[in-house]
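This report goes through one protein chain, from its overall make-up to single side chains. Keep the sequence and the model in view while reading.

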Amino acid sequence: MDAQKLHSIRHECATLKDGSPHPSRPQIPVVVGQETWSRIHALFRELLASANSNIDLDIDPLAAVWSDALTDLCMFVRNAAAMDQSNQAAANSADIVSDIISTIRVSLRCEMTYPEAKKCGAAAGQALSNMATNNKPLQRQLMESEIRDCKSPIESIYVYLLASTNSKTNMAGLMLILNTIKDDDSLSKLLCTTETGQMLAGRVGEMFGESNDDEADEKTMLYVILEEIIQRGHLTLLLTTDPALEAYGLLNALAVYCNENPGSLVCSQIFDMSLLTAIARILTKCHDLLQNVWKSADDTELGDVGMDDIMAAHRSLASTVTILGTITTDIEQQLAVRVLDSGIIQQVIALLGLLSQNLPRIEKASTASTLPETESGLIKRLFMFKCSLIQIIGNISHNNTAAQNLIRELHGLALVLDHMRIDDNHPFIKEYAVVALRSLLENNPTSQAYVSDMEAKGVVQDPKLASAGIQASLDSSGHISVKREASTNTFNVKENSGT
């Protein structure tokens with residue numbers, strides 16, 4: 001296609017766009033005739049054919065003109081589909097959907113080269129989203145061709161839309177996904193069970209986890225999609241095979257959902273055995289990773305773990321303890337049984353033990369007032385979760401003899417007792433431990449006897465107190481006494497002579 005021909009087509013496309021149905025143009029009929037749709041299809045075909053043969057999208061200066069022409073056509077489709085639903089069927093019969101999909105693929109491949117191509121990709125995404133709105137046959141057709149039957153996940157049109165560097169294109173893709181799965185259990189399940197669908201859902205979770213602007217429209221849209229998946233019980237399908245720590249975005253969305261829907265009935269419906277088992281495996285992976293991080297005896301090396309993995313573990317663990325803290329508060333008996341059977345409590349206790357071993361208790365009287373400024377010390381600041389873990393232990397054991405006994409047998413009771421001391425790195429940890437201890441001992445004679453039978457073995461002397469002449473000792477009956485030792489220092493005071 002020569003330049004004159006391309007500019008002529010560009011002018012025709014611009015004229016069509018300016019005459020498209022739109023609220024600002026009430027004089028224009030909202031229903032587009034079939035002849036117009038046929039002409040638009042012909043223009044799409046001619047432009048797309050030139051991209052495959054005549055125009056080198058990487059170097060040809062005509063590529064910008066080509067992109068603008070396609071953008072105008074996509075904007076016509078977008079406007080017409082939004083104004084009247086009958087336009088969707090007419091456009092579909094003219095094979096406009098295939099044109100739009102081809103435009104998305106070819107324009108987004110060169111969006112980093114041409115700003116016009118980036119704009120074109122966004123317009124095409126919006127056109128496809130509007131074509132599919134309230135159009136269940138097209139939604140199903142797209143899901144089947146681009147998700148179920150897609151041979152290569154990265155070639156799915158949904159993946160193209162979410163991989164774009166243009167937030168408008170991303171929003172168009174998210175709107176398309178939401179309109180497709182909303183109130184449709186079969187399409188939601190299809191998204192969560194196919195290879196391409198799981199990759200796409202994982203990308204949605206990743207985008208949600210990476211977004212720091214809670215007020216942004218994109219993050220709201222991401223959450224609404226994930227909320228739909230969670231409510232239908234399909235999140236389990238994304239996590240049960242082998243949940244990766246990189247799935248922190250999905251866990252973050254689940255944590256938000258739990259905070260917004262704290263009722264025990266809702267939690268019991270969402271947290272089936274499969275989901276709880278997946279959460280237990282995530283806790284196990286966090287434990288194993290941290291154990292590998294802190295295996296170095298000199299506390300200066302990180303083992304064989306990269307920083308990206310450490311950050312993923314931090315984010316996953318933060319979301320997981322939030323989830324467990326919420327669902328174990330006033331927990332329903334049936335859900336409590338599932339939590340105990342899932343292995344979650346075993347992993348909570350193991351993590352608490354690991355953190356207690358590697359995160360030093362910093363007391364006000366201690367000479368060590370801060371964590372060491374090593375890379376390992378900086379990482380330890382990311383995992384200050386001991387209070388949350390103790391809270392989970394206390395929550396699950398409240399009025400639950402089976403949980404009380406299990407925690408005692410796993411040495412969790414002794415671990416909680418060990419935290420009934422001041423720790424400046426974990427403010428109020430002593431108070432958390434006191435509340436948890438009450439739940440662990442209430443109406444449980446065996447656990448009460450377990451604590452009563454404990455006896456003091458010795459006293460750890462604090463160097464700072466010792467330097468001040470204060471010593472603690474343990475008498476034969478197990479009582480601790482504190483006394484100040486007699487000073488043996490002598491001071492020579494010389495009178496100031498004034499010279």
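A crossing of two helices is called left-handed if the near helix is turned anticlockwise from the far one by less than a right angle, and right-handed if clockwise. The crossing of H11 and H14 is left-handed. The model discussed here is predicted.

**The chain as a whole**

The chain holds 26 helices and two strands. It has 499 residues, and 48% of them count as buried. Taking contacts between residues at least 6 apart in sequence, 73% join residues at least 24 apart.

**Two helix pairs**

Helix H11 covers residues 195-210 and helix H14 covers residues 248-260; their axes are 7 Å apart and the helices pack at an angle of about 70°. H11 is therefore roughly perpendicular to H14. On the H11 side the meeting residues are Ala201, Gly205, Phe208, Gly209 and Glu210, and on the H14 side they are Tyr248, Gly249, Leu250, Asn252, Ala253 and Val256. Sorted by class, this contact of H11 with H14 has six nonpolar, four polar and one charged residues.

The second pair is helix H19 (residues 344-358) and helix H21 (residues 386-397), whose axes come within 10 Å and cross at roughly 145°. The crossing of H19 and H21 is also left-handed. H19 contributes Ile345, Val348, Ile349, Leu351, Leu352, Leu355 and Ser356 to the contact, while H21 contributes Lys386, Leu389, Ile390, Ile392, Ile393 and Ile396. Which classes make up the contact of H19 with H21? Its residues divide into eleven nonpolar, one polar and one charged.

**Side chains and their polar partners**

Four side chains have polar contacts, set out below.

| Side chain | Partner | Distance |
|---|---|---|
| Arg315 | side chain of Tyr248 | 2.8 Å |
| Asn135 | backbone oxygen of Met131 | 3.1 Å |
| Asn358 | backbone oxygen of Leu354 | 2.9 Å |
| Lys285 | backbone oxygen of Pro243 | 2.8 Å |

Arg315 belongs to helix H17, residues 307-327. Its relative accessibility is 35%, so Arg315 counts as partly exposed. Arg315 and Glu246 are 69 residues apart in sequence, yet their C-alpha atoms are 8.6 Å apart in space. Tyr248, the partner of Arg315 in the table, is also one of the H14 residues that meet H11.

Lys285 sits in helix H16, which spans residues 273-293. With 28% relative accessibility, Lys285 counts as partly exposed. Leaving aside neighbours within four places in sequence, Lys285 is in contact with Asp242, Pro243, Ala244 and Leu245. Lys285 and Ala313 are 28 residues apart in sequence, with a C-alpha to C-alpha distance of 8.1 Å.

Asn358 lies in helix H19. Is Asn358 buried or exposed? Asn358 has a relative accessible area of 14%, and buried means under 20%, so this residue is buried. Not counting residues up to four places away in sequence, Asn358 touches Trp294 and Lys380.

Asn135 is in the loop between helix H6 (115-132) and helix H7 (136-148). Asn135 is buried, because its relative accessible area is 13%.

**Backbone angles**

Most residues other than glycine have a negative phi. Asn134 has a positive phi, near 55°, and is not a glycine. Asn134 is found in the loop between H6 and H7. Unlike buried Asn135, Asn134 is exposed, with a relative accessible area of 62%.

Phe428 is not a glycine either, and its phi is positive at about 70°. Phe428 is placed in the loop between helix H23 (412-417) and helix H24 (429-441). Its relative accessibility is 60%, so Phe428 counts as exposed.

A glycine with a positive phi is found at Gly343, just after H18, where the value is about 90°. Helix H18 itself runs over residues 333-342, and Leu335, Ala336, Arg338, Val339, Leu340 and Ser342 are buried in it.

Terms used. Residues numbered from 1 in each chain as written. Predicted model: local features only at pLDDT ≥ 70, side-chain atom pairs only at ≥ 80, totals over all residues. Heavy atoms only, no water. Helix = DSSP H or I, 4+ residues; strand = E, 2+ residues; numbered from the N terminus. Buried < 20%, exposed > 50% of the residue type's maximum accessible area, 1.4 Å probe, protein only. Polar contact = N/O pair within 3.5 Å; in protein donor to acceptor, adjacent residues only side chain to side chain. Axes fitted to C-alpha atoms, helices over the stretch in contact; angles between N-to-C directions. Parallel < 35°, antiparallel > 145°, perpendicular 65-115°, else oblique. Contact = heavy atoms within 4.5 Å. Nonpolar A, V, L, I, M, F, W, Y, C, P; charged D, E, K, R; others polar.
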